[in-house]
Amino acid sequence: MALIVRSSAIHAAGCYTTTRIGRGRRIAEYTGPRISKDEADEMYQDAPLTYLFGLGKGDVVIDGHCTAMFINHSCEPNCETEVVQGRVWIKAIKEIAAGTEITYDYHLYDGDDDEQICNCGAPKCKGTMFSVEEVKKRKKAKK
């Protein structure tokens with residue numbers, strides 16, 4: 001299987017497959033240095049983009065340096081993440097045709113006051129990259 005990074009209608013660059021991918025197949029591993037959330041917050045305080053993947057309860061993050069960091073969020077994704085023995089894999093949840101952009105739901109749970117607006121364009125787009133739980137928490141906090 002071959003993955004390529006090119007322009008995406010969702011956000012800047014995206015990750016695409018050049019071959020058909022079967023349901024359940026691991027596509028890519030999310031790799032990079034593991035750092036604390038506090039370190040990441042300090043390192044990327046003024047950065048417009050980050051490629052961080054939170055592990056567990058979010059106290060440790062992977063600072064993405066891999067092809068998987070270009071996989072964009074979608075509210076109707078074709079993949080999901082799977083953590084196996086501390087490694088983060090992107091896995092197909094349906095068959096994916098060659099030439100298709102690879103996506104997964106980020107389920108974000110942190111972001112300060114930033115809205116984390118979603119640009120996936122899916123028919124059932126929820127309008128945010130935040131998890132359902134985070135959206136509920138933020139609505140409750142606004143009351």
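# Notebook: strands, rings and charges

**Entry 1, a strand pair.** I started with E5 and strand E6 (residues 60-63), and found them antiparallel and joined by 4 bridges. Glycine 54 has valine 61 of E6 standing opposite. This is a predicted model, so I kept in mind that I was reading a prediction. I also reminded myself that strands in a sheet pair through backbone hydrogen bonds, parallel or antiparallel.

**Entry 2, the whole sheet.** Next I asked myself in what order the strands of this open sheet come. The order is E4-E6-E5, 3 strands with antiparallel pairing. Strand E4 (34-36) and strand E5 (52-55) are at the edges with a single partner strand each, so each has one side without a neighbour in the sheet. On average, neighbouring strands here are turned by 35 degrees against each other, ignoring direction.

**Entry 3, confidence.** I checked how far to trust the picture. The average pLDDT of the protein is 92, and 97% of the residues reach at least 70. Among the elements, strand E10 (residues 103-104) has the highest mean, 98, and helix H2 (residues 132-142) the lowest, 83. A note to self: coordinates should not be read in detail where pLDDT is low.

**Entry 4, a hairpin.** Then I turned to strand E1 (residues 3-7), which pairs with E2 in the antiparallel sense over 5 bridges. Isoleucine 4 has tyrosine 16 in E2 as its bridge partner. The hairpin has 5 residues between its strands, and alanine 12 takes a positive phi near 45 degrees. Is strand E2 (residues 13-17) largely enclosed or not, and why? Buried residues make up 4 of its 5, so E2 is largely enclosed by the rest of the structure. I also found arginine 6 over the face of tyrosine 16, 3.8 Å from the ring centre.

**Entry 5, aromatic rings.** I counted 3 aromatic pairs. One of them joins tyrosine 51 and phenylalanine 70: the ring centres are 5.9 Å apart and the planes stand at 50 degrees, so I noted the pair as tilted. Tyrosine 51 is in the loop between helix H1 (37-43) and E5, while phenylalanine 70 is in the loop between E6 and strand E7 (72-73), so the pair links distant parts of the chain, 19 residues apart. Both partners are partly exposed, tyrosine 51 at 28% relative accessible area and phenylalanine 70 at 22%. The rings of tyrosine 104 and tyrosine 106 also form a tilted pair, with centres 5.1 Å apart and planes at 50 degrees. Here tyrosine 104 is buried at 6% relative accessibility, whereas tyrosine 106 is partly exposed at 25%.

**Entry 6, salt bridges.** Last, I looked for charged partners and found 8 salt bridges. Glutamate 82 meets arginine 26 at 3.5 Å, N to O. Because glutamate 82 lies in strand E8 (residues 79-84) and arginine 26 in strand E3 (residues 26-30), the pair ties together parts 56 residues apart in sequence. Glutamate 82 also meets lysine 91 in a salt bridge of 3.5 Å, N to O. I drew Arg26, Glu82 and Lys91 as a network of salt bridges. How does lysine 91 count, buried or exposed? At 19% relative accessible area, lysine 91 is buried, while glutamate 82 is partly exposed at 23% and arginine 26 at 38%.

Within helix H1, aspartate 41 and lysine 37 are 4 residues apart, about one turn. Their closest N and O atoms are 2.6 Å apart, in a salt bridge. Aspartate 41 is partly exposed at 39% relative accessibility, and lysine 37 is partly exposed at 26%.

Terms used
Residues are numbered from 1 along each chain as its sequence is written. This is a predicted model: local features need pLDDT of at least 70, side-chain atom pairs count only at pLDDT 80 or more; totals for chains, interfaces and linings use all residues. Side-chain values use heavy atoms; hydrogens and water are left out. Two strands pair if DSSP finds at least two bridges between them. Axes are lines fitted to C-alpha atoms, for helices over the stretch in contact, and angles run from 0 to 180 degrees between N-to-C directions. pLDDT is the predictor's confidence in each residue, from 0 to 100. Rings of Phe, Tyr and Trp (its six-membered ring) pair if their centres lie within 6.5 Å; planes under 30 degrees apart count as stacked, over 60 as edge-to-face and the rest as tilted. Buried means under 20% relative accessible area, exposed over 50%, partly exposed in between (1.4 Å probe, protein chains only). A charge sits over a ring if NZ of Lys or CZ of Arg is within 6 Å of the ring centre and within 35 degrees of the ring normal. A salt bridge is a side-chain nitrogen of Lys or Arg within 4 Å of a carboxyl oxygen of Asp or Glu.
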